[in-house]
Amino acid sequence: MEPFLLKPAYKASIWGGKKLKEKFHKEYPGETISESWELSVHPAGLSLIASGPDYGHPLADFVKDPAVLGRFAAAHPLFPLMIKWIDSQLPLSIQVHPDDAYALAHENDMGKTEMWYIIDCEPGAYLYYGFSREISREEFVRRIEEDRLLEVVKKVPVKKGDVFFIPSRTLHAIGPGILLAEVQQSSNVTYRIYDYGRLDADGKPRQLHIQQAVEVTDLGPVFDTVPVPLLLANSQDRLLASCPYFAVVRQHLKTDRRYVGDPNSFHALMCVEGKGQLSHAQGSFAVPAGATVFVPADSCPFTLSGEMTLLDVFVPDPALF
C-alpha cells in the first residue's frame with residue numbers, strides 16, 4: 001500500500017487567525033482558520049485522502065482495515081488519535097478536557113490527553129497550564145463566580161520548539177499569537193470555564209460548562225514529565241511525547257531518508273518546516289510545509305528528500321504504559 005497526503009477538515013472560531021492560510025497555504029473560503037484537522041476520523045470533522053488511488057475517500061473508511069492500522073493501533077477499541085494545526089490570533093477560553101471514564105459516561109466520546117508543539121509565536125506569547133498552586137474545590141468554584149480564576153492559573157511564556165504534554169483533567173489555554181501542532185486523543189469534548197466575556201456569532205455569550213469542569217479538573221500544578229522511552233531508529237531524532245494513545249518524534253531531514261511500513265502502527269508525518277518530495281515505486285508527490293502524510297502500517301518502502309522538520313506520530317506499544 002502507498003503513503004498518501006491528507007486533506008483536512010477546517011474549523012473557524014472567533015479566536016482563529018490567518019497563519020494557516022499565509023504560512024501553510026491552506027485552502028479555505030473564510031478569512032481566518034482556527035483549526036486544521038489534518039488526521040481525523042471523528043464525526044465532528046473527517047479528513048480525506050488527498051492523493052493516490054483512494055483520492056477523495058474519507059480516511060475513516062480506510063482505517064477500518066487492521067493491516068492499515070497496525071497491531072498496536074488496532075488493539076484500541078476506537079481509533080486513538082487526532083492531529084491538528086492550530087492558529088490562535090486571540091486567546092482560547094480557559095478550558096479542561098475530561099478523562100475517558102467521564103467522557104464515555106457523560107458525552108459518549110473519549111477523553112482528551114494532548115500534546116502541543118510550538119511552531120511559531122509572536123513576541124511575548126504565553127499559554128495557561130495548570131494552577132500556580134494547589135487549590136480546593138471550594139476555592140475553584142468561588143474564583144469562577146468572582147471572576148478571579150486567572151489569579152491562580154499558571155501563565156507560561158512560550159518560544160518556537162517548546163513542547164507541552166497536557167493530560168486529561170488539566171486546566172489550560174493557548175494564548176494569542178501562537179501557531180502550533182496538536183496531537184490528541186480522538187475526541188471533541190471541551191469544557192469552557194472562562195471566556196473573557198466574549199460573544200458568539202449570534203451576539204450571545206459563548207457557552208460555559210462550569211459544573212462539568214468542577215467535576216473533572218485536577219486542582220494543582222502540572223509538572224513536566226519525561227516521555228516513556230521508545231526505541232528510535234535514528235539517534236538524531238527526538239522523542240517529544242509518549243502515552244498510550246500516541247507518540248511523537250521530531251525528525252530534522254537534510255539528506256534523503258528511507259522509510260518502510262511499521263507493522264505495529266500507521267504513522268503520520270507532519271511537515272512543520274521546509275519542503276520535500278516523497279518517492280516510491282509507483283510515483284511521487286511534493287510534501288510542502290503544513291502537509292500531513294499518512295503512512296499505512298503495510299506501506300511500501302518510500303524515500304523522503306529535501307530539507308524539512310517533521311513530527312512523526314504513531315501509536316506505541318500499550319504494554320509500556
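Modeller: In this predicted model, a strand is a DSSP run of E with at least two residues, and strands are numbered from the N terminus.

Biologist: In which strand is the place of Leu240?
Modeller: The naming of strands follows their order from the N terminus. The run that holds Leu240 spans residues 238-242, and its name is β14.

Biologist: Is Leu240 buried or exposed?
Modeller: The relative accessible area of Leu240 is 8%. A residue counts as buried under 20%. Because 8% falls under that cut-off, Leu240 is buried.

Biologist: Which residues does Leu240 touch, not counting residues up to four places away in sequence?
Modeller: Contact requires heavy atoms within 4.5 Å. Among the residues that Leu240 touches are Met115, Tyr117, Val163 and Pro227. The others named for Leu240 are Val248, Val249, Arg250 and Leu311.

Biologist: What separation is found between the C-alpha atoms of Leu240 and Arg137?
Modeller: Along the chain, Leu240 and Arg137 are 103 residues apart. In space, their C-alpha atoms are separated by 32 Å.

Biologist: How many bridges join β17 to β20?
Modeller: Strand β17 covers residues 267-280 and strand β20 covers residues 302-314. The two run antiparallel, and Lys275 stands opposite Glu307 in β20. The number of bridges joining β17 to β20 is 13.

Biologist: Which residue is the bridge partner of Ala268 in β19?
Modeller: Strand β19 (residues 292-295) is joined to β17 by 4 bridges, and these strands run antiparallel. In β19, the partner of Ala268 is Phe294.

Biologist: Through how many residues does a hairpin join β17 to β18?
Modeller: Strand β18 (residues 283-287) pairs with β17 in the antiparallel sense over 5 bridges. Within this pair, Gly276 stands opposite Val287. The number of residues through which the hairpin joins β17 to β18 is 2.

Biologist: Where is Asp147, a residue other than glycine with a positive phi?
Modeller: Phi of Asp147 is near 60 degrees. Asp147 is exposed, because its relative accessible area of 51% is over 50%. Its place is in the loop between α6 (137-145) and β9 (153-157).

Biologist: Is Tyr196 buried, partly exposed or exposed?
Modeller: Tyr196 is found in the loop between β13 (191-194) and α7 (210-216), and it has a positive phi of about 60 degrees although it is not a glycine. Its relative accessible area is 29%. Because this value lies between the cut-offs of 20% and 50%, Tyr196 is partly exposed.

Biologist: Which backbone nitrogen does the side chain of Ser51 reach?
Modeller: Ser51 is in the loop between β4 (48-49) and α2 (59-62), and it is buried, with a relative accessible area of 12%. Leaving aside its neighbours within four places in sequence, Ser51 is in contact with Phe4, Leu5 and Phe285. At 2.9 Å, its side chain reaches the backbone nitrogen of Leu5.

Biologist: How many residues has the largest nonpolar core?
Modeller: The residues with the most contacts inside this core are Leu39, Leu59, Leu81, Phe246, Phe266 and Phe294. The number of residues in the core is 41.

Biologist: Of how many residues is the other core that lies apart from it?
Modeller: Members of this other core include Tyr126, Val189, Ala213 and Val216. The core lies apart from the largest one, and its number of residues is 21.

Conventions:
Residues are numbered from 1 along each chain as its sequence is written. This is a predicted model: local features need pLDDT of at least 70, side-chain atom pairs count only at pLDDT 80 or more; totals for chains, interfaces and linings use all residues. Side-chain values use heavy atoms; hydrogens and water are left out. Two strands pair if DSSP finds at least two bridges between them. Buried means under 20% relative accessible area, exposed over 50%, partly exposed in between (1.4 Å probe, protein chains only). A polar contact is a pair of N or O atoms within 3.5 Å; within protein, one must be able to donate a hydrogen and the other to accept it, and residues adjacent in sequence count only if both atoms are side-chain atoms. A nonpolar core is a set of buried Ala, Val, Leu, Ile, Met, Phe, Trp, Tyr and Cys residues joined through side-chain atoms within 4.5 Å.
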